[in-house]
Amino acid sequence: MKSLAELAAIKERMQGKVALREGSGETRIVVGMATCGIAAGARPVLNTFVEEIAKENLTDRVTVTQTGCIGICQFEPVVEVYESGKEKVTYVKMTADKAKRVVAEHIKGGKVVSEYTIGNTKI
Amino acid sequence: MIRAHVMICGGTGCTSSGSDKLAAALETELKTRGLEEEIKVVRTGCFGLCALGPIMIVYPDGTFYIRVTPDDIPEIVEEHLLKGRVVQRLVYDDSGVPDIKANSLNETGFYKKQKRVALRNCGVINPEEIDEYIALDGYRALGKVLTEMTPDQVIQTILDSGLRGRGGGGFPTGRKWMFAAKVPSDKKYVVCNADEGDPGAFMDRSVLEGDPHAVIEAMAIAGYAIGADEGYIYVRAEYPIAIKRLEIAIREAREYNLLGKDIFGTGFNFDITLRFGAGAFVCGEETALLTSIEGKRGEPRPRPPFPAVKGLFGQPTIINNVETLANIAQIILKGADWFASMGTEKSKGTKVFALGGKINHTGLVEIPMGTTLREIIYDIGGGIPNGKKFKAAQTGGPSGGCIPASHLDTPIDYDSLIAIGSMMGSGGLIVMDEDNCMVDIAKFFLEFTVDESCGKCAPCRIGTRRMLEILERITNGQGQDGDIEKLEELAMNIKTSALCGLGQTAPNPVLSTLRYFRDEYEAHIYEKRCPAHHCKKLAVISINPEKCKGCSACSRACPVEAISGEIKKPFVIDQSKCIKCRTCIDKCRFGAIEIK
């Protein structure tokens with residue numbers, strides 16, 4: 001170790017990788033991963049969220065996790081976003097591309113992508 | 001892209017309950033499922049709940065699984081890691097409410113009252129990856145002292161924090177460092193005492209296994225503070241996992257030049273050598289430890305001169321315990337005030353205890369100083385198994401004493417424990433219930449010190465043996481009038497005349513049990529009975545003729561044919577043949593066999 005900067009660089013590089021274990025993200029993105037969700041394509045949605053959150057360096061405040069059946073199989077893949085102090089947002093019929101937009105506009109920008117939410121989606 | 005981390009405990013407790021196989025099974029299953037790119041398996045140090053191992057924690061949600069076997073792996077992978085449905089039957093539950101399970105570790109009663117400083121990384125990082133330690137602020141404290149602080153400032157910070165030695169004595173760490181810093185010498189040493197030897201204690205082992213870099217970083221900081229460039233870790237050879245992780249950690253630290261020459265480009269040099277203990281308890285005593293590192297027989301020597309003046313190879317040396325060192329980097333980073341804000345007036349910070357004996361959650365806990373024994377045993381430790389009554393807790397190992405139920409609400413710190421006749425010790429805490437005989441407990445600890453006495457001084461070598469002989473006599477039913485007084489006289493003489501701490505404290509278990517449970521000694525001696533029904537020679541086992549149905553189950557089970565009788569009539573035990581093995585008590589379905 002030649003300098004403090006070198007140490008800081010390692011810390012920077014590693015931080016995203018262990019932040020997961022703190023589990024205290026203010027924002028939680030929960031992907032429905034029951035059989036119906038997986039069948040409807042929830043795996044790529046989940047993986048896209050994980051990648052995008054890491055890419056945007058949001059791991060310290062955003063946790064991506066999965067859950068079981070939310071109970072609205074016809075709307076799968078379903079993704080719910082919980083932010084402290086706010087009403088949860090339920091996105092339905094998600095795809096990897098839609099996930100990227102949710103990260104960019106909602107998680108980063110703070111603006112709900114209302115065209116993907118359950119209230120605005122018809123079967 | 002990794003989306004979940006599965007932490008599997010790799011401490012000694014969980015390794016012996018099969019966590020190696022568990023990790024292997026999980027890795028295989030993840031591969032078969034094609035999840036190895038998404039889920040990372042991390043082997044960590046001790047989580048603390050050793051009784052419930054192997055332990056597994058899944059992040060980001062923090063689900064806390066206990067007693068996981070390789071057979072459970074397919075279900076965990078399919079249900080939890082793939083579908084996100086927690087496998088409820090494996091989740092740890094101490095809420096007492098069947099429908100509400102604490103899914104996350106931090107919600108459990110076991111963790112809620114804990115405050116983890118020395119153990120902060122145990123169970124959180126992979127101890128074999130230096131990068132993970134660095135990610136959680138590792139080596140930042142070393143960087144800070146080398147680039148921003150003078151050695152005097154470092155010592156002042158440790159002094160202000162109020163940190164006292166966690167190995168048992170409770171000597172202020174900053175003062176120790178100050179003494180060694182003041183002695184002029186070209187060569188000084190920093191020694192880490194990892195020769196944890198108290199029966200039932202495993203705090204230091206868990207720190208070394210779970211967070212070895214914390215100890216290495218602290219030793220380098222201490223080296224800078226006192227002007228030493230060389231350190232030794234004296235670790236028990238009986239701790240193979242701790243040794244392996246230390247070796248890896250030292251190698252990694254050297255590769256990053258966090259040990260070696262010109263650390264952080266500041267011109268400061270420091271390196272560490274590992275020394276393995278040879279298995280003698282006395283080598284945990286600081287002067288004996290130094291003699292042992294020098295390659296000589298591990299025997300204590302009189303102090304002064306204290307090691308801070310004349311220690312290893314005749315040079316000024318500081319010796320700190322593992323847990324003490326595990327606090328150092330945190331104090332540097334968060335400040336002396338932060339550390340001093342925890343604990344009691346004279347005992348700052350937290351203390352790690354190894355819970356053992358008659359307690360539901362055998363394991364490792366870290367609590368702020370000043371927590372009461374009741375909180376540790378009932379709120380964190382889950383109470384006494386099988387609805388038995390608490391009788392006493394033993395702290396301080398063979399140097400300590402017993403704390404009776406009347407002192408359950410004493411806030412635990414160095415001084416309060418000494419005031420009630422025990423001591424903090426290194427942190428072993430053994431809980432005893434109504435079935436434990438206190439004379440027998442005193443005998444157990446004295447057997448240990450007699451065995452471990454190095455033999456150099458007569459009070460310890462001969463005195464403790466004489467005391468043990470008296471205790472053996474008492475528990476065998478041959479106690480005589482005057483035995484208690486003889487024990488007390490011997491104890492006082494040994495305390496004042498033995499050479500080192502081992503001998504001076506050896507009578508403590510006897511003195512403290514005499515102080516609180518004198519009636520039990522008297523019952524053994526004058527009434528020839530053991531109130532806890534523990535001492536075999538004093539027990540009388542008999543059959544209550546009113547309850548006996550004459551089924552003969554007891555007589556068939558008796559290994560010495562001491563029980564006889566006619567079917568359907570009460571049986572009797574021949575006391576001259578009975579060996580008090582109690583097999584008959586277990587066999588009787590009518591509760592007819594009584595022990596007095």
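**A walk through chains A and B**

Phe390(B) stands opposite Asp433(B), which belongs to strand 14 of chain B. That pair is a handy way into this model, which is a predicted one. Five bridges tie strand 12 (residues 390-395) of chain B to strand 14 of chain B, and the two run antiparallel. Strand 14 of chain B also pairs with strand 10 (residues 350-357) of chain B, here in the parallel sense and over four bridges. If you want a residue to click on for that pairing, take Gly357(B), whose bridge partner in strand 14 of chain B is Val431(B). Strand 14 covers residues 428-433 of chain B and is mostly covered, with five of its six residues buried.

Now zoom out a little. The domain assignment splits chain B into domain 1 (4-105), domain 2 (130-340), domain 3 (350-433), domain 4 (438-526) and domain 5 (540-595). To get a feel for the spacing, look at domain 3 and domain 5 of chain B: their C-alpha centres sit 38 Å apart.

Next up is strand 6 (residues 230-236) of chain B. Why call this strand largely enclosed by the rest of the structure? Because seven of its seven residues are buried. In a regular strand, side chains alternate between the two faces of the sheet. For strand 6 of chain B, both faces are covered: one side carries Glu230(B), Tyr232(B), Tyr234(B) and Arg236(B), the other carries Gly231(B), Ile233(B) and Val235(B), and all of them are buried.

Strand 6 of chain B has parallel partners to look at, too. Strand 5 (residues 189-194) of chain B runs parallel to strand 6 of chain B, with six bridges joining them. Tyr189(B) has Glu230(B) of strand 6 of chain B as its bridge partner. Strand 8 (residues 268-277) of chain B pairs with strand 6 of chain B as well, in the parallel sense and over seven bridges. There, Ile233(B) has Leu274(B) of strand 8 of chain B as its bridge partner.

On to some helices. Helix 9 (residues 203-210) of chain B is mostly covered, with eight of its eight residues buried. The buried set includes charged-looking names you might not expect to skim past, among them Asp204(B), Arg205(B) and Glu209(B). Met203(B), Val207(B) and Leu208(B) are also among the buried residues of helix 9 of chain B.

For a helix pair, try helix 10 (residues 212-226) and helix 13 (residues 322-334) of chain B. Two packed helices are described by the angle between their axes and the distance between the axes. In this pair, the axes come within 8 Å and cross at roughly 75°, which makes helix 10 of chain B roughly perpendicular to helix 13 of chain B. Helix 10 of chain B brings Ala214(B), Val215(B), Glu217(B), Ala218(B), Met219(B) and Ile221(B) to the contact, while helix 13 of chain B brings Val322(B), Leu325(B), Ala326(B), Ile328(B), Ala329(B) and Ile332(B). Sorted by class, this contact has eleven nonpolar residues, no polar ones and one charged residue.

Time to turn to chain A. Chain A has four helices and four strands, and along the sequence they follow the pattern α-β-α-α-β-β-β-α. Its C-alpha atoms fill a box of roughly 60 × 30 × 25 Å along the principal axes. Of the 123 residues in chain A, 41% count as buried. Among contacts in chain A between residues at least 6 apart in sequence, 68% join residues at least 24 apart.

In what order do the four strands of chain A line up in their open sheet? The order is 2-1-3-4, with mixed pairing. Strand 2 (62-67) and strand 4 (89-91) of chain A are the edge strands, each pairing on one side only. From one strand to the next, the twist averages 20°. Strand 3 (residues 79-83) and strand 4 of chain A run antiparallel and are joined by three bridges, with Glu80(A) opposite Thr90(A) of strand 4 of chain A. Helix 3 (residues 42-55) of chain A lies across strand 1 (27-32), strand 2 and strand 3 of chain A, at about 160° to strand 1 of chain A.

Finally, see where the chains meet. The contact takes 29 residues from chain B and 27 residues from chain A. On the side of chain B that touches chain A, the elements giving two or more residues are helix 5 (130-135) and helix 6 (140-148) of chain B. Helix 5 of chain B gives the most, with four residues. By class, that side of chain B has 14 nonpolar, seven polar and eight charged residues.

Note on methods: Residues numbered from 1 in each chain as written. Chains lettered and ligands numbered in written order. Predicted model: local features only at pLDDT ≥ 70, side-chain atom pairs only at ≥ 80, totals over all residues. Contact = placed C-beta atoms within 7 Å. Nonpolar A, V, L, I, M, F, W, Y, C, P; charged D, E, K, R; others polar. Axes fitted to C-alpha atoms, helices over the stretch in contact; angles between N-to-C directions. Parallel < 35°, antiparallel > 145°, perpendicular 65-115°, else oblique. Domains from an automatic or database assignment. Buried ≥ 20, exposed ≤ 12 C-beta atoms within 10 Å, placed from the backbone. Pairing = 2+ DSSP bridges.
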